Amino acid sequence: MSEKNTLIQELETLQAKAEAKLASLSGEVALAKWKTEYLGKASPVMQVFKRLPEASKEERSQIGQFANQVKTVLEQSFELKAETARQATLAEALKSEQLDVTLPGRAPLNGRLHITTQTLREIYRIFAEMGFQIYRSPEVESDENNFELLNIPPHHPARDLWDTFFTKKEGVLLRTHTSPGQVRAKREFASEPIRVVLPGMCYRYEQTDASHEFQFNQVELLVVGKHITFANLKGTLQEFAERMYGKGVRTRIRPSYFPFVEPGAEMDVECFVCSGKGCPVCKQRGWLEILGCGMVHPVVLKNGGYDPKVYSGFAAGLGPERISMLRYHIDDIRNFWANDVRFLEQF
Ligand SMILES: [Zn+2]
């Protein structure tokens, strides 16, 4: 038997075997396996091409042609079978995953902004309308910016007002208030006038309880310029209180102490729950403390690059969480960062 006949016979047997097997298969996985076995690089049909040199010169083209023909026939059979299998899979899927258009729809879950973010944005909006810009500064600060340049030198007893998280690196800490941003803003803009809002997270090394949390937001105001007076401070804060709590809301200013302002004060608004009559929210006082403020201390102005003989300024700091607590009667500050959806969903 010549080489030609051997190879052609092999191909014929192979074709018959492959087609028989293909006909018996179902399922896309089995089909893919068949394809590798009979049409892949290592398949017997492909091997015939490699064995062509074994045949005589005259027979080579004839065997080659025949092998090509077998290959084409097998490919066509495969495509036909594969298409049938795809259709079957689709039909099966349609049957098992029947769409019931009478089922009620599922409402998409809408996320929302955190209550503090909402309050912060409201505060930004109010001050933006009054011409303030937002100035952000780092939460990890130097002792110098957080204390020293704000008129709180090392060993000054006022440092006890801020229980501080120190990092392992000496002189680096988590800011205890937004005031270091004051130093940065002044040094950036000196001696231009400044009107900024300094917002962000602050940290205190504190035992947490219903009214103390070791992280909280603060929003600080800073205005620096020529002829800035306490009257500007009072007018700005009164305007803020009216836009935040309602037109005509009564406020009062009480003297207080902060090392970086002189004079220093705290502002109260008339309790908006009882209109000043006295209730549990205001602890029967009729007033709610909402912020600390004062005229920027001359030393602090100078540290920021402004000559206190020419420039003056005021600053105020308020707590967005406290504002939300008063507004929504939230009795535990730890709720804000406890990540309890039942709490967060209410706002
Ligand atoms: Zn009240």
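Reader: Which residues lie nearest the centre of the largest pocket, and how many line it?

Author: In this predicted model, the largest pocket has a lining of 49 residues, and Ser-211, Glu-266, Glu-289, Gly-319 and Arg-322 are the ones nearest its centre. The space inside comes to about 1,400 Å³.

Reader: What makes a residue part of the lining?

Author: A lining residue has an atom within 4 Å of a point of the pocket. Several elements contribute at least two such residues each: strands S5 (215-225), S6 (251-256), S7 (261-270), S8 (287-296) and S9 (312-318), together with helix H10 (320-328). S8 supplies the largest share, 7 residues.

Reader: How many residues of the lining are nonpolar, polar and charged?

Author: The lining of the largest pocket has 22 nonpolar, 12 polar and 15 charged residues. Gly counts as polar in this scheme, and Gly-319 is one of the residues nearest the centre.

Reader: What makes the site of the zinc ion tetrahedral?

Author: Four donors count as tetrahedral if all angles lie between 85 and 135 degrees. The angles among the 4 donor atoms here are 104 to 115°. That range lies inside the limits, so the site is called tetrahedral.

Reader: How do you know which atoms are the donors of the zinc ion?

Author: A donor is an N, O or S atom within 2.8 Å of the metal. The SG atoms of Cys-271, Cys-274, Cys-279 and Cys-282 are at 2.2 to 2.3 Å from the zinc ion. Those distances are within the cut-off, so the four SG atoms count as donors. Along the sequence, the donor residues follow the spacing C-x2-C-x4-C-x2-C.

Reader: Why are Cys-274 and Cys-279 called buried?

Author: Buried means under 20% relative accessible area. Cys-274 has 10%, so it counts as buried. Cys-279 has 8%, so Cys-279 counts as buried too.

Reader: What is unusual about phi at Ser-275?

Author: Most residues other than glycine have a negative phi. Ser-275 is not a glycine, yet its phi is positive, about 55°. Ser-275 sits in the loop between S7 and S8.

Reader: What is phi at Asn-339, and where is that residue found?

Author: Phi of Asn-339 is near 60°, again a positive value in a residue other than glycine. Asn-339 belongs to the loop between H10 and helix H11 (341-344). Its relative accessible area is 62%, and the cut-off for exposed is over 50%, so Asn-339 is exposed.

Reader: Which residues are joined by a cis peptide bond?

Author: Ala-190 and Ser-191 are joined by one, with omega about -5°. Ser-191 is in the loop between helix H7 (180-189) and strand S4 (194-203). Another cis peptide bond joins Glu-262 and Pro-263, where omega is also about -5°. Pro-263 is part of strand S7.

Reader: What makes a set of residues a nonpolar core, and how many are in the largest one?

Author: The members are buried residues of certain nonpolar kinds, joined through side-chain atoms within 4.5 Å. The largest nonpolar core has 36 residues, and those touching the most other members are Ile-123, Phe-127, Leu-237, Phe-240, Tyr-245 and Leu-291. Helices H5 (115-129), H8 (230-245) and H10, and strands S5, S7, S8 and S9, each give two or more residues to this core. H8 gives the most, 6 residues.

Reader: How do you know that Phe-127 is buried?

Author: Its relative accessible area is 0%, and the cut-off is under 20%, so Phe-127 is buried. Phe-127 is in helix H5. From Glu-92 it is 35 residues away in sequence and 62 Å away in space, C-alpha to C-alpha.

Reader: Is Leu-74 buried or exposed?

Author: Leu-74 has a relative accessible area of 0%, so it is buried. Leu-74 lies in helix H4. The C-alpha atoms of Leu-74 and Glu-19 are 7.2 Å apart, while 55 residues separate the two along the chain.

Reader: Why is Asp-209 called partly exposed?

Author: Partly exposed is the range between buried, under 20%, and exposed, over 50%. Asp-209 has 32%, so it is partly exposed. Asp-209 is in the loop between S4 and S5. Arg-334 is 125 residues from Asp-209 in sequence, with 7.2 Å between their C-alpha atoms.

Technical notes:
Residues are numbered from 1 along each chain as its sequence is written. This is a predicted model: local features need pLDDT of at least 70, side-chain atom pairs count only at pLDDT 80 or more; totals for chains, interfaces and linings use all residues. Side-chain values use heavy atoms; hydrogens and water are left out. Donors are N, O and S atoms within 2.8 Å of the metal (3.2 Å for Na, K and Ca); water is not among the atoms, so sites may look incomplete. Four donors count as tetrahedral if all angles lie between 85 and 135 degrees; four count as square planar and six as octahedral if opposite donors are over 155 degrees apart and all others between 65 and 115; anything else is irregular. Buried means under 20% relative accessible area, exposed over 50%, partly exposed in between (1.4 Å probe, protein chains only). On a 1 Å grid over the protein atoms alone, a cavity is a set of points where a 1.4 Å probe fits but cannot get out, and a pocket is an open set with protein on both sides within 12 Å along at least five of seven lines; lining residues have an atom within 4 Å of a point. Grid points are joined across faces, edges and corners, and a volume is the space filled by probe spheres set on the points. Helices (H or I, at least four residues) and strands (E, at least two) are DSSP runs, numbered from the N terminus.
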